Number of protein chains: 2
Amino acid sequence: MADEANHATSQASVSESNRSRIIKHLYHYGISSRAQIAKALELTPAAITKITARLIEAGMIEEAGDLEGSKNRRSIGLKLDTARFHIIGIKFARSLVQIGVFDLCGNALSFENLPTVYDNTINDTIAIIHQRVNGLLTDDPAIVAIGMAVPGPYLRHVGRTAVVSSMQGWRKINFIDEFAHAFRVPVFIEQDARAGALAHFLFDPDVHEDGNLAYYLVGEGVGLGVIDNGFLINGALGAATEIGHISIDVNGRPCDCGNYGCLERYCSTPSIHTMLIGDGKIVPDAAEMTHTDAARALFAKANEGDARACAMVRTIARYVGYGCVTIFNGFNPKHIIIGDIVSEAGPMLLEEVRATVAERAIPEINESTSITLSALSADAAVSGAAAVAVTQFLEHPSVFFDVS
Amino acid sequence: MADEANHATSQASVSESNRSRIIKHLYHYGISSRAQIAKALELTPAAITKITARLIEAGMIEEAGDLEGSKNRRSIGLKLDTARFHIIGIKFARSLVQIGVFDLCGNALSFENLPTVYDNTINDTIAIIHQRVNGLLTDDPAIVAIGMAVPGPYLRHVGRTAVVSSMQGWRKINFIDEFAHAFRVPVFIEQDARAGALAHFLFDPDVHEDGNLAYYLVGEGVGLGVIDNGFLINGALGAATEIGHISIDVNGRPCDCGNYGCLERYCSTPSIHTMLIGDGKIVPDAAEMTHTDAARALFAKANEGDARACAMVRTIARYVGYGCVTIFNGFNPKHIIIGDIVSEAGPMLLEEVRATVAERAIPEINESTSITLSALSADAAVSGAAAVAVTQFLEHPSVFFDVS
């Protein structure tokens with residue numbers, strides 16, 4: 001009897017793994033015949049036939065007519081219709097919550113910024129999220145999952161962010177208690193920069209194949225998500241790759257995390273905001289603005305050619321560049337993709353980042369690493385929130401469909 | 001025909017994976033019955049019987065008599081005799097090459113320091129290594145593989161270290177060309193701190209289960225190896241986790257890697273040596289010593305209670321601690337194990353490292369992370385070199401035995 005049970009367990013986990021591999025193949029390579037899938041995945045045709053029959057029956061994939069140019073007896077294409085399944089992505093930042101609906105490829109179907117969040121309106125914001133999500137789920141039966149991106153350090157098993165200032169008001173919210181079982185579809189929660197890394201890994205074919213990339217989020221906070229050899233680096237508590245709290249100067253500015261000289265204290269939008277208020281001239285009304293608006297006003301001034309604004313952007317870029325050098329030496333990714341608000345400074349920023357890195361990085365690593373600005377839509381981290389759920393959809397089909 | 005070939009390929013890779021899982025089970029859990037293995041690995045008894053028969057026939061594992069206390073009809077123990085297979089480990093540092101022979105559990109059978117290496121004696125050292133290894137291979141037919149640990153950043157696919165000062169003379173040596181096919185057994189090469197991480201992961205049962213650990217090598221260089229969720233973090237070129245070249249002060253001391261304020265410039269033995277020569281009093285004849293001997297002389301003085309020496313050890317420990325904080329925020333391992341020469345400073349060092357970390361780390365992460373000195377023998381990185389080869393032995397049995 002024990003042997004029977006073990007056999008069953010074994011078969012179940014092997015089958016789920018093979019299902020996932022087939023779904024991922026169709027996701028990344030598009031319409032494919034059973035023979036093509038069998039060859040690519042080194043699975044027997046019999047296994048492919050059996051598994052795909054169940055996936056078709058469950059409605060997860062479909063047949064898509066004869067493949068053209070095929071020399072085989074019979075070559076029907078199989079298809080994962082990535083437009084047919086929808087995902088809600090929700091990005092939490094200190095003062096801004098964004099909600100979008102996406103297809104499986106990260107194309108936005110709808111998008112909304114919630115009202116600016118203050119420490120004393122967090123409960124209202126939570127209530128609005130429940131209301132909006134339930135509305136979306138009622139209106140769109142194609143929604144199969146919800147992904148959430150929250151600022152790090154996010155303590156994965158606990159469900160809340162660690163003791164760090166930038167989410168002070170949010171720390172009392174336990175994301176798992178609040179959302180995990182609140183809706184008719186499953187909810188998946190991930191640190192925001194890691195969500196951005198998943199978005200690029202899934203939605204950007206150019207970087208997918210390499211399997212080594214870092215998404216470097218420079219916005220209200222500074223975060224990092226790293227995919228090494230196809231897998232996210234997580235750490236024991238899910239709190240790894242917190243570049244924003246790696247010190248670039250052990251004698252530097254104190255940070256509420258307890259450390260000194262944290263990168264986040266030099267190039268996040270709150271730090272930029274402080275610089276602008278201190279300067280007083282580039283953006284005279286900076287003190288009345290949000291961090292985001294102040295940073296955007298600086299970038300606009302710099303792009304108009306204002307010398308003082310350009311100098312400040314270059315100063316910020318050097319700090320972003322120091323962070324890149326740390327990423328090189330810490331994680332050696334093949335691609336660093338800079339995203340979020342500070343990346344909106346554009347080519348002027350990127351040029352100075354690259355110059356800083358060229359001065360300070362180990363040459364062989366610099367030569368083989370690309371540094372770019374995120375080409376995903378301005379709301380990359382929201383599609384990143386969706387990517388967290390898409391990843392689960394591709395990895396664990398049986399959570400979503402009765403395919404066993 | 002194509003289908004047949006695919007089927008065969010698939011079977012081969014699945015079989016190798018299952019063989020490896022069985023070998024690893026016997027390695028980590030000791031003598032086990034076929035039924036115990038089947039249960040633990042969720043494999044069918046039929047598969048276990050078939051695979052273990054081939055492994056026994058090939059001489060990789062053996063039957064070890066009836067298991068005591070078993071209620072089953074017939075329960076014969078299977079055993080991987082870890083004392084029966086030997087591995088040569090070779091550790092390269094700038095001025096010191098060490099060669100040891102180990103069993104599969106990292107127990108040293110023999111050990112040798114080669115003569116101190118100078119830039120102009122590297123070729124002699126290479127010749128001695130060839131000669132010694134061939135001698136060992138002739139004398140001990142139980143040797144099945146060679147593992148080598150070299151200082152990072154080691155460019156895995158290129159076979160040499162990157163442009164960094166501490167191995168200047170060694171940079172002309174291509175380790176792959178020089179050693180990969182030079183002997184009757186296979187050779188595996190890895191960055192030294194990563195080798196140390198593998199040694200602790202394999203040879204230390206306490207940390208193995210957690211699967212999240214960092215080996216922090218503080219010696220002639222400063223390096224790091226990180227195992228995240230059971231896998232080494234490598235990076236695109238194999239140059240990730242180079243903590244020694246992560247800056248702790250972007251306005252700090254210049255390093256030959258191009259960066260400023262590299263951690264290695266503050267707590268490696270060459271840096272300690274420079275401090276001692278500058279001081280002039282703690283170890284008056286420091287200038288005539290090697291880096292290692294000078295550091296050891298300092299630690300001896302500190303342990304005798306010399307106040308000046310103690311203060312210098314504490315200064316060094318604070319820098320080692322800053323590195324730990326970076327490791328927390330960068331990799332969030334469950335265990336940080338400090339090894340190599342500087343760890344010989346002992347409890348005085350560890351206490352100050354922990355105090356520094358307690359001041360500066362995110363509290364939730366500090367509470368859940370252990371920091372210890374390596375309990376492996378003083379030559380941990382040499383057993384680490386062996387661990388590189390042991391890992392391959394466990395992962396790829398068919399490279400070593402005709403088991404297919």
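1. Let's start with how the two copies meet in this predicted model. Of the interface residues of chain B, 100% are also interface residues in chain A, so the copies meet through the same surface. In all, 61 residues of chain B are in contact with 61 residues of chain A, where contact means heavy atoms within 4.5 Å.

2. A word on conventions before going on. Residues are numbered from 1 along each chain as its sequence is written, and chains are lettered from A in the order in which they are written. Local features need pLDDT of at least 70 and side-chain atom pairs pLDDT 80 or more, while totals for chains, interfaces and linings use all residues; side-chain values use heavy atoms, without hydrogens and water.

3. How are the copies arranged? A turn of 180° and a shift of 0.0 Å along the axis lay chain B on chain A with an RMSD of 0.0 Å (least squares on the C-alpha atoms of residues with pLDDT of at least 70 in both). The two copies are thus related as by a two-fold rotation axis. In chain B, Asp249(B) has the C-alpha nearest the axis, at 1.9 Å.

4. Chain B and chain A bury about 4,600 Å² between them, with 56% of it on carbon and sulfur atoms; buried area is the accessible area (1.4 Å probe) that two parts lose on being put together, summed over both. Between the chains there are zero salt bridges (a side-chain nitrogen of Lys or Arg within 4 Å of a carboxyl oxygen of Asp or Glu).

5. Which elements of chain B touch chain A? Those giving two or more residues are helix 1 (2–29), helix 2 (34–41), helix 11 (307–331), helix 12 (347–360) and helix 13 (363–367); helices are DSSP runs (H or I, at least four residues), numbered from the N terminus. Helix 11 of chain B gives the most, with seven residues.

6. Away from that topic, helix 14 (residues 380–395) of chain B holds Ser383(B). Ser383(B) is buried, with a relative accessible area of 4% (buried means under 20%, with a 1.4 Å probe and protein chains only). Leaving aside neighbours within four places in sequence, the contacts of Ser383(B) include Phe102(B), Ala199(B) and Leu376(B).

7. Helix 14 of chain B also holds Ala385(B), which counts as buried at 0% relative accessibility. The C-alpha atoms of Ala385(B) and Glu190(B) are separated by 7.5 Å, though these residues are 195 apart along the chain. Leaving aside neighbours within four places in sequence, Ala385(B) is in contact with residues including Gly89(B), Met148(B) and Ala195(B).

Notes. Buried means under 20% relative accessible area, exposed over 50%, partly exposed in between (1.4 Å probe, protein chains only).
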